[in-house]
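Okay, everyone, thanks for coming. I'll put the structure up and then walk you through the parts I spent time on.

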Amino acid sequence: MLVVGVVLSACGEKWPPTQVAVVTLQPERYGEFIGTLDAAMQQHGLTKFPPAPGLNELMKRPVLFYQYKKDESETKIFLIISDLDGVSKIKVDVFGQYFRDAEARQNATASVYQVVEKFGGTVVTGKL
């Protein structure tokens, strides 16, 4: 999807995700999902950051979109979650290259997998 490419380019992400998962949730449960993911990512020193202003206007609807990384100034991202492909379909893109340390990468990815699994999601590509 063109919009996804534009958003990823704006985020500075140069590599394709190493893992992709999809979670089907009604928008009323987005907050629960995000809260669980926030707690899991904080254990790895990652913080949630919103997109640049204007995404809702571009998509002509309220959009779920967050990036997880250590600092807002970083151009590399560990995780992007969005419903850009459609309401109720949350796409989880993991960029394993973010962590240079293999153990840190494996632990953070395992945390993502646990949240995806808890909410009934499925891995589409890669192995979480």
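So, look at β4 and β5: these two make a hairpin, with six residues between them. In that turn sits G86, and its phi is positive, about 150°. Before I go further, keep in mind that this is a predicted model.

The two strands of the hairpin pair antiparallel, over four bridges. If you want a register to hold on to, I81 has V92 as its bridge partner in β5. On its other flank, β4 is joined to β3, residues 65–69, by four bridges, and that pair runs antiparallel too. There, Y68 is matched with L79 of β4.

What about the side chains of β4, which covers residues 79–82? L79 and I81 point one way, while I80 and S82 point the other way. Buried or exposed? All four of them are buried, S82 included.

Okay, zooming out. How many strands are in the sheet, and in what order? Six, and the order goes β2-β3-β4-β5-β1-β6, an open sheet with antiparallel pairing. At the edges you have β2, 47–49, and β6, 122–125, each pairing on one side only. From one strand to the next, the twist averages 25°. And if you want to see how the β6 edge is attached, three bridges join it to β1, residues 19–24, running antiparallel. A21 is the one to click on there, since V123 is its bridge partner in β6.

Now the helix. α4 lies across β1, β4, β5 and β6, and runs at about 170° to β5. Just ahead of α4, in the loop that comes from β5, you'll find D101. That residue is partly exposed, with a relative accessible area of 46%. What does its side chain do? A polar atom of it lies 2.8 Å from the backbone nitrogen of A104, and the backbone nitrogen of E103 lies 3.2 Å from a polar atom of that D101 side chain.

Last thing, how far to trust all this. The mean pLDDT of the protein is 89, with 88% of its residues at 70 or more. Among the elements, helix α2, residues 30–42, has the highest mean, 98, and helix α1, residues 2–11, the lowest, 48. Over residues 8–12 the pLDDT is below 50, although that stretch does have eight contacts in the model beyond near neighbours in sequence. Where pLDDT is low, the predicted coordinates shouldn't be read in detail.

Notes:
Residues are numbered from 1 along each chain as its sequence is written. This is a predicted model: local features need pLDDT of at least 70, side-chain atom pairs count only at pLDDT 80 or more; totals for chains, interfaces and linings use all residues. Side-chain values use heavy atoms; hydrogens and water are left out. pLDDT is the predictor's confidence in each residue, from 0 to 100. Contact means heavy atoms within 4.5 Å. Buried means under 20% relative accessible area, exposed over 50%, partly exposed in between (1.4 Å probe, protein chains only). A polar contact is a pair of N or O atoms within 3.5 Å; within protein, one must be able to donate a hydrogen and the other to accept it, and residues adjacent in sequence count only if both atoms are side-chain atoms. Two strands pair if DSSP finds at least two bridges between them. Axes are lines fitted to C-alpha atoms, for helices over the stretch in contact, and angles run from 0 to 180 degrees between N-to-C directions.
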